[in-house]
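User: Please take a close look at one part of this structure, and explain how that part is held in its surroundings. I would like the cut-offs behind each term as you go.

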Amino acid sequence: MTTTSPATAWSTHRPWRGIMVATALPLRDDLSVDYDAYADHVRWLIDSGCDGVVPNGSLGEYQTLTNEERARVVRTAVDAAGDGARVMPGVAAYGSAESRRWAEQAAEEGCGSVLLLPPNAYRADERTVRAHYTEVARAGLPVVAYNNPHDTKVDLTPALLAHLHDEGAIVAVKEFSGDVRRAYQIAELAPELDLLIGADDVLLELALAGAVGWVAGYPNAFPATCAELYRAAVARDVDTALPLYTSLHALLRWDSRTEFVQAIKTSMDIAGRPGGPTRPPRLPLPAAIEAEVRAATEKSVAAGHR
């Protein structure tokens, strides 16, 4: 690894660690972005104990945003957070050059890092994946890889992650495969690569396995309780973490389901947060699923989760 790589330059200050909330994006009834509500939401998350935010991820419906909307969402998040280091925008795009441009925009806004999926327009091979991450890393910001083989059909295996880290292309990985055994393989092959919890419903397992961050969904509705859960989990305080985890798990597992955006926004609405509708092609939840999410959320509200 060269001395000028992002991984080296940021070795002592790692703003991607801690609870980085993958923010849902409030939409008005006409499906326009409510930037004021979004700014309030970012401030509330940080005031509630979260460390930062991840705008323009899948939960933020980035695929449906115009370029102007996507850029403004990042600016809004930075302004509301009060410190660009707290903001880690998603920079996924079909082309590597476009992803690099979004990373450059994040750098211009003062963001601390970016989150990058592998190429997702087709099933990319290892050579293509390595070139993709190398290209985006040239923007100069630390790159956190996002492994979601269920949706992208590209698996960032522990061996491939180790190669990317050795090459200075990535500093961490958001692990969403659901296979908690990978935490130990990653630690063996790339001990300096930061492991971030990528799916809410394996939080405790990955925290106990050494994760140093959580790119989180359900703190959008219950940030204070989720912050308490996360900090107990990474401290290996199982007596505190396990009851919280058990009580929240009926909600947390929605983060790994196809309807996760609508489910989390429904929970936000019930918890008094600005959730709102989703843009097509996402449709409102079917009545039976909405009832299931509503019941679990109301139970959490009644339990005092906040």
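Analyst: Strand 4 (143-147) and strand 5 (172-175) pair in the parallel sense over 4 bridges, where pairing requires that DSSP finds at least two bridges between two strands, and where strands (E, at least two residues) and helices (H or I, at least four) are DSSP runs numbered from the N terminus. One of these contacts between strands can be named by residue: the bridge partner of asparagine 147 is glutamate 175 in strand 5. The model is predicted, so local features need pLDDT of at least 70 and side-chain atom pairs count only at pLDDT 80 or more, whereas totals for chains, interfaces and linings use all residues. Residues are numbered from 1 along each chain as its sequence is written, and side-chain values use heavy atoms, with hydrogens and water left out.

Strand 4 also pairs with strand 3 (residues 114-116), again in the parallel sense, over 3 bridges, and here valine 114 stands opposite valine 143 of strand 4. Between these two strands the chain crosses through helix 5 (residues 126-137), and this β-α-β crossover is right-handed, that is, the path from the first strand over the helix to the second runs clockwise when the strands point away from the viewer.

As for its surroundings, strand 4 is mostly covered, with 5 of its 5 residues buried, meaning under 20% relative accessible area with a 1.4 Å probe and protein chains only, while exposed means over 50% and partly exposed lies in between. The cover reaches both faces: Val143, Ala145 and Asn147 are buried on one side, and Val144 and Tyr146 on the other.

Part of the packing around strand 4 comes from helix 8 (residues 182-189), whose buried residues are Arg182, Ala183 and Ile186. Because these residues cover an arc of only 105° around the axis, they lie on the same side of helix 8, the arc being that of the directions from the helix axis to the C-beta atoms. The buried residues of helix 8 pack against strand 4, and also against helix 7 (158-166), strand 5, strand 6 (194-197) and helix 9 (203-208), with contact taken as heavy atoms within 4.5 Å.

Helix 13 (residues 287-302) offers another one-sided burial pattern: Ile289, Val293, Ala296, Thr297 and Ser300 are buried, and they share the same side of helix 13 because their arc around the axis is only 95°. On the other side of helix 13, Ala287, Ala288, Lys299 and Ala302 are exposed. Helix 11 and helix 12 are among the elements covering the buried residues of helix 13. Tryptophan 254 lies in the loop between helix 11 (238-252) and helix 12 (260-270), and it counts as buried because its relative accessibility is 2%. Leaving aside residues up to four places away in sequence, tryptophan 254 touches residues including Ile289 and Val293, together with Tyr218 and Phe260.

To place strand 4 in the whole, the chain has 13 helices and 7 strands. Its radius of gyration is 18 Å, close to the 19 Å that the globule rule gives for 306 residues, so the chain is as compact as a globular protein of that length; the radius is taken over C-alpha atoms, and the rule is 2.2 Å times the number of residues to the power 0.38. Of the 306 residues, 57% count as buried, and among contacts between residues at least 6 apart in sequence, 71% join residues at least 24 apart.
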